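Please open the structure in the viewer and keep the sequence at hand. The tour proceeds by selection, one stop after another.

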Amino acid sequence: MPPSFTINLLQGSVSFSLAKESAQALQAALDALVQDLKAIAAQGDQRKRPDPKPNMEHRCLGPVFFEAFCNPNICASPFAAKVLITVRDEKIRLSGETELTRLREDLNQYLDAI
């Protein structure tokens with residue numbers, strides 16, 4: 001049985017099963033988000049308004065529905081970014097917030113374990 005994916009939230013944590021392919025797709029989405037945040041931060045040094053970037057919305061379907069959302073246009077840097085998450089199945093729904101850097105660390109630990 002594969003290990004559970006555990007996300008450390010600002011208050012508490014949540015664990016659920018996540019397919020390796022879904023975890024890798026989430027990792028790619030988070031990497032793209034970091035690149036967008038870095039581009040925005042680099043443009044912030046100029047005197048013009050940064051070009052807006054699209055929101056990161058990633059969904060993983062399976063026995064448990066997982067969604068991650070982040071608006072890169074309101075974050076000063078990848079280190080300040082927060083990701084809103086939703087985990088739900090037919091019996092429970094949990095919504096919370098985690099730091100982008102923490103979510104990436106949790107995901108890397110999960111991918112190393114599977």
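Leaving aside neighbours within four places in sequence, which residues is L100 in contact with? Select L100 in this predicted model, and then add L30, L33, V34, L37, P78, A81, K82 and V83, which are its contacts beyond that range. L100 belongs to helix α2. Its relative accessibility is 1%, so it counts as buried, the limit being under 20%. For one of these contacts, V83, the C-alpha atom lies 5.8 Å from that of L100, although 17 residues separate the two along the chain.

Next, select helix α1 (residues 20-43) together with helix α2 (residues 100-113). Their axes are 10 Å apart and the packing angle is about 150°, which means that α1 is roughly antiparallel to α2, as angles over 145 degrees are classed. The crossing of the two helices is left-handed. To display the contact, choose K20, A23, Q24, L26, Q27, L30, D31, L33, V34 and L37 on α1, and L100, L103, R104, L107, N108, Y110 and L111 on α2. Eleven of these contact residues are nonpolar, three are polar and three are charged.

The next stop is the largest nonpolar core, which has 29 residues. Select F5, I7, F66 and I85, the members that touch the most others. Two or more residues come from each of β1 (5-8), β2 (13-16), α1, β3 (56-60), β4 (65-70), β5 (82-88) and α2. The largest contribution is that of α1, with seven residues.

Finally, centre the view on I7. Beyond four places in sequence, I7 touches G12, S13, V14, F16, F66, I85, T98, L103 and D106.

Conventions. Residues numbered from 1 in each chain as written. Predicted model: local features only at pLDDT ≥ 70, side-chain atom pairs only at ≥ 80, totals over all residues. Heavy atoms only, no water. Axes fitted to C-alpha atoms, helices over the stretch in contact; angles between N-to-C directions. Helix = DSSP H or I, 4+ residues; strand = E, 2+ residues; numbered from the N terminus. Parallel < 35°, antiparallel > 145°, perpendicular 65-115°, else oblique. Left-handed = near helix turned anticlockwise from the far one by under 90°. Contact = heavy atoms within 4.5 Å. Nonpolar A, V, L, I, M, F, W, Y, C, P; charged D, E, K, R; others polar. Core = buried A, V, L, I, M, F, W, Y, C linked by side-chain atoms within 4.5 Å. Buried < 20%, exposed > 50% of the residue type's maximum accessible area, 1.4 Å probe, protein only.
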